[in-house]
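Got the viewer open? Keep the selection box handy, and click along as you read.

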Amino acid sequence: MKSIFKPCFKLICLSCLLLLAGCDDGKQAGEKATQQPAPVVPHQDRFGRYDSIGNLGGKPVSIPGGVVFTWVRYIGDPGDFDSSKQAQKYQRPPITYQLPIDSFGFQYRLTDGAVMSYREQTEEDYLRDNETLIPVGKPFPWGYTIVYNIVDPHQPLNFNKAFTDTQEAKKEVWHFEYFEQPQKVHGLTFFKANNGIDPSTNQPWQDNIAGPDILMSKNAQGEIKTYILCDFVGEVQQCNHRFYLDNLPILISITYNRQYLKLWQQTQKNIAGILDSWVVTDKGALIKKQAGKV
């Protein structure tokens, strides 16, 4: 008679091994679960809207939800109209205070430095100004502002190359160059395209496309830190005002009516202050009262 001891012993040993393996898997899963960081719960405003969080210029920020125009983009996000398979498969990393922001926009009031926030008084002001000022050609006091995070350490934080490239392109394509004017404008160095004369007609320029006015400001090291392109003809003349912050790798672009060009220095100071109000601690604790949040 054959002994059943050996088969039973083997079966028992196999069961023990499977049990041990299961325990080990459970242990590893538990360790992974404990290693995963707790979900970040952003701050909220009085309407329950969550702040947009991330890292801007190397600092953690918490941007009020009512302030952001459309949405915050993060480094690595596909383009808004990117329908490629790669974009469809993209999975953004968990949003934390360390996730680098790419860009976002908001509305800024040039007359007093206010930030437009939806469902607040500033939104009512913005809509009223849209309805009452624009139709009659009066200066619209709001400027659409875009904030760009500079994460490439090799990117120069000035507009020197941009101005050089503009000069070369105008010579090659339009056959003219920009000339510095003898008088500054609101403290800005002022350049006119071909001294204000359209080379194709030998008459004053009739459009803003080929040769907008260029105004700039340099620091003590000769770096162009403020670079402004302005219309000079037409009933409504706009300026695109770009500048780098002094202490952070951040580029700001704001577009507004040229009548507010005289406020360029205050505008830069105010926007720097707005961004600084959104800086938080590494764990997300608020440091200052957030601009745009009541």
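What follows is a walk through the chain, one selection at a time.

**Stop 1: the whole chain**

Start with everything shown. Keep in mind that this is a predicted model. Its average pLDDT, the predictor's own confidence score, is 89, and 87% of the residues score at least 70. Now select residues 1-23: here the pLDDT is below 50, and the stretch has 0 contacts in the model beyond near neighbours in sequence.

Switch to a cartoon view and you can look for 5 helices and 13 strands. The chain has 294 residues, and 40% of them count as buried. Take the contacts between residues at least 6 apart in sequence: 58% of those join residues at least 24 apart.

**Stop 2: helix H3**

Select residues 121-132, which make up helix H3. Its 12 residues should span 16 Å at 1.5 Å a residue, and the end C-alpha atoms are indeed 16 Å apart. Which residues of H3 are buried? Colour Thr122, Asp125, Tyr126 and Asp129 to see them. Turn the view to look down the axis of H3: these buried residues fall within an arc of 100°, so they line one face of the helix.

Then colour Glu124 and Glu131, exposed residues on the face of H3 turned away from the buried side. To see what covers the buried residues, add strand S4 (101-109) and strand S5 (142-149), which are both part of that cover.

**Stop 3: helix H4**

Move on to residues 160-174, helix H4. From first C-alpha to last, its 15 residues reach 21 Å, close to the 21 Å expected at 1.5 Å a residue. Pick out Phe163, Gln167 and Lys170, which are buried. Looking down the axis of H4, you'll find the buried residues within an arc of 65°, so they line one face of this helix. On the other side of H4 sit the exposed residues Lys161, Glu172 and Val173.

What covers the buried residues of H4? The cover includes strands S6 (178-180), S7 (189-193), S10 (213-218) and S11 (224-230). Before you leave, click on histidine 175, just after H4: its phi is positive, at about 65°.

**Stop 4: two more positive phi angles**

Most residues other than glycine have a negative phi. That makes a couple of other spots worth a click. Threonine 70, not a glycine, has a positive phi of about 70°. You'll find threonine 70 in strand S3 (residues 69-74). Is threonine 70 buried or exposed? With a relative accessible area of 56%, it is exposed.

Next, select asparagine 202, also not a glycine, with a positive phi of about 60°. It lies in the loop between strand S8 (197-198) and strand S9 (203-204). Asparagine 202 counts as exposed, at 60% relative accessibility.

**Stop 5: the largest pocket and helix H5**

Time to switch on the surface. The largest pocket holds about 240 Å³ of space. Its lining comes from 14 residues, and Thr226, Phe243, Tyr244, Asp246 and Gln268 lie nearest its centre. Strands S10, S11 and S12 (238-244) and helix H5 (264-277) each supply at least two of the lining residues. Which element gives the most to this lining? That's H5, with 5 residues.

Select H5 by itself: it has 14 residues and reaches 20 Å between its end C-alpha atoms, close to the 20 Å expected. The buried residues of H5 are Trp264, Thr267, Gln268, Ile271, Ile274, Leu275 and Ser277. Gln268 is therefore worth a second look: it is buried, meaning under 20% relative accessible area, and it is also among the residues nearest the centre of the pocket.

**Stop 6: a cavity**

How many cavities of 30 Å³ or more does a search of the whole structure find? It finds 1. The largest cavity has a volume of about 50 Å³. To frame it, select its lining: Asp45, Arg46, Arg49, Pro64, Gly65, Gly66, Ser117, Glu120, Gly292, Lys293 and Val294.

**Last stop: glutamine 98**

Finish in the loop between helix H2 (85-89) and S4, where glutamine 98 is found. At 49% relative accessibility, glutamine 98 counts as partly exposed. Leaving out residues up to four places away in sequence, glutamine 98 touches Asn55 and Asp282. Now add lysine 59: glutamine 98 and lysine 59 are 39 residues apart in sequence, with their C-alpha atoms 8.1 Å apart in space.

Technical notes. Residues are numbered from 1 along each chain as its sequence is written. This is a predicted model: local features need pLDDT of at least 70, side-chain atom pairs count only at pLDDT 80 or more; totals for chains, interfaces and linings use all residues. Side-chain values use heavy atoms; hydrogens and water are left out. pLDDT is the predictor's confidence in each residue, from 0 to 100. Contact means heavy atoms within 4.5 Å. Helices (H or I, at least four residues) and strands (E, at least two) are DSSP runs, numbered from the N terminus. The expected span of a helix is 1.5 Å times one less than its number of residues. Buried means under 20% relative accessible area, exposed over 50%, partly exposed in between (1.4 Å probe, protein chains only). The arc is that of the directions from the helix axis to the C-beta atoms. On a 1 Å grid over the protein atoms alone, a cavity is a set of points where a 1.4 Å probe fits but cannot get out, and a pocket is an open set with protein on both sides within 12 Å along at least five of seven lines; lining residues have an atom within 4 Å of a point. Grid points are joined across faces, edges and corners, and a volume is the space filled by probe spheres set on the points.
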